[in-house]
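Trainee: I would like a close look at a single part of this model, followed outward into its surroundings. Please take your time over it.

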Amino acid sequence: MVYTRENPDGTRAINSVETFVGALDGRPVLGIADFELFILDAEALVKAEYPQVSRGALNNVRGDWYESLILLGSSQYSRIQRTKYTLVRLPNVNAFSCENLYVEEISGLIGDLRAVLHEVADVSLISSNPDFVIISSELLEIRDTLQGRVEDIEYLGGIYRDLAGHCKFDGIAGYCSVKSGLRPDRRLQIAHEGSLMKALYRHIQTRLWAIDAPGIRYYGIAGACTDADRAALKTVATHSIVDVSSVPESAVNGLFAVNSGQQLQDALNTILSAPG
């Protein structure tokens, strides 16, 4: 079996990365005309090998396939265009907290904040990891050849480990949430995450006395989005309305509908550019 595997309890699971690679078949992500059709092709590979696969099992891996398209496509784009910034995939916060990308001085400031909040107000700073972090390309040495093999996807998915403890304040330009589809609850997650990451950035900026810091950006990428989605994500970043000396800002800087290699390139042209 290539695209599925048998679990110890006798059930069968989908090999997400192997199926993604099989559907890609060596093609450059930036040349794919329809991401939704690609995902349907990946589903077909699984169904051909295991016809009894449930719709729920397929739905569970659709998001991972979509993220892998963004991961590999953005890495290929960054290498070709030599962009100032690069997208790096982040794991679940239980495996690695994104604050640990920063140098010890800055991650320590966030740790201090967590401790003070708990001690003074008995509240917790609970955060999830965004799907991707926008990192200065100067911190990375991406392999020249990324052909969409299993080892390429695994390599790209583990780059965050090499960055741990190496990012200075200006090394992280922002974050990006990636969803194959948007539901109202996912919209709320994106807005909350964007608002929280921007508030943490401002806290660090204040502690470092980084007066001219450019701010941090937060973007959303989705397979499809509506006017209602865009309107919902214009919600204000809450920290920016508590001080009359600051200009209110949106929790999310932009939401991009990405369902093809060309749309991905158009989105990355904005996301991976220099601030301003």
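Trainee: How many of the five residues of β4 are buried, and is the strand largely enclosed by the rest of the structure or left open?

Mentor: Bearing in mind that this is a predicted model, the answer is that five of the five residues of β4 are buried, so the strand is largely enclosed by the rest of the structure. The cut-off behind that statement is a relative accessible area under 20%.

The strand covers residues 132–136 and is joined by five bridges to β3, with the two strands running antiparallel. Two of the pairings can be named: leucine 87 has isoleucine 134 as its bridge partner in β4, and arginine 89 has phenylalanine 132. β4 also pairs with strand β5, residues 172–179, again in the antiparallel sense, over four bridges. In that pairing, valine 133 stands opposite tyrosine 175 of β5.

The neighbour β3, residues 85–89, can be described in similar terms, because five of its five residues are buried and it is largely enclosed by the rest of the structure. In a regular strand the side chains alternate between the two faces of the sheet. For β3 both faces are covered, with Tyr85, Leu87 and Arg89 buried on one side and Thr86 and Val88 buried on the other.

Two of the residues already named, leucine 87 and isoleucine 134, lead on to isoleucine 271. Leaving aside neighbours within four places in sequence, isoleucine 271 is in contact with Leu87 and Ile134, and also with Cys176, Arg217, Tyr219, Ile221 and Phe256. The bridge partners Leu87 and Ile134 are thus both among the contacts of isoleucine 271. Isoleucine 271 has a further role in the packing, since the largest nonpolar core has 81 residues and Ile70 and Ile271 are the ones that touch the most other members. The largest share of this core, nine residues, comes from helix α3, which spans residues 55–81.

Tyrosine 175, the residue opposite valine 133, leads in another direction, towards enclosed empty space. Rolling a probe the size of a water molecule over the atoms shows where empty space is left. Across the whole structure, the search finds two cavities of 30 Å³ or more, and the largest cavity holds about 110 Å³ of space. Its lining consists of 13 residues, of which Tyr102, Ile110, Tyr175, Met197 and Leu200 are the closest to its centre. By class, the lining has nine nonpolar, two polar and two charged residues. Helices α4 (104–121) and α7 (184–208) each supply at least two lining residues, and α7 gives the most, with four.

Phe256, one of the contacts of isoleucine 271, also appears among the contacts of cysteine 225. Apart from residues up to four places away in sequence, cysteine 225 touches Leu182, Arg230, Leu255, Phe256 and Ala257. Cysteine 225 sits in the loop between β6 (217–222) and α8 (227–232) and is buried, with a relative accessible area of 19%. That value deserves some care, because the cut-off for buried is under 20%. Helix α8 itself contains aspartate 229, which counts as buried at 5% relative accessibility. With residues up to four places away again not counted, aspartate 229 touches Leu182, Arg187, Ala224 and Leu255. Leu182 and Leu255 therefore appear in the contact lists of both cysteine 225 and aspartate 229, where the cut-off for contact is heavy atoms within 4.5 Å.

Some exposed loop positions give a contrast to the buried strand. Lysine 234, in the loop between α8 and β7 (254–257), is exposed, with a relative accessible area of 65%. Arginine 82, in the loop between α3 and β3, is exposed as well, with a relative accessible area of 74%. Most residues other than glycine have a negative phi. Arginine 82, although not a glycine, has a positive phi of about 50°. Aspartate 25 also has a positive phi, near 55°, and it is found in the loop between α1 (16–24) and α2 (35–49), where it is exposed with a relative accessible area of 62%.

Conventions. Residues are numbered from 1 along each chain as its sequence is written. This is a predicted model: local features need pLDDT of at least 70, side-chain atom pairs count only at pLDDT 80 or more; totals for chains, interfaces and linings use all residues. Side-chain values use heavy atoms; hydrogens and water are left out. A nonpolar core is a set of buried Ala, Val, Leu, Ile, Met, Phe, Trp, Tyr and Cys residues joined through side-chain atoms within 4.5 Å. Buried means under 20% relative accessible area, exposed over 50%, partly exposed in between (1.4 Å probe, protein chains only). On a 1 Å grid over the protein atoms alone, a cavity is a set of points where a 1.4 Å probe fits but cannot get out, and a pocket is an open set with protein on both sides within 12 Å along at least five of seven lines; lining residues have an atom within 4 Å of a point. Grid points are joined across faces, edges and corners, and a volume is the space filled by probe spheres set on the points. Ala, Val, Leu, Ile, Met, Phe, Trp, Tyr, Cys and Pro count as nonpolar, Asp, Glu, Lys and Arg as charged, and the others, Gly among them, as polar. Two strands pair if DSSP finds at least two bridges between them.
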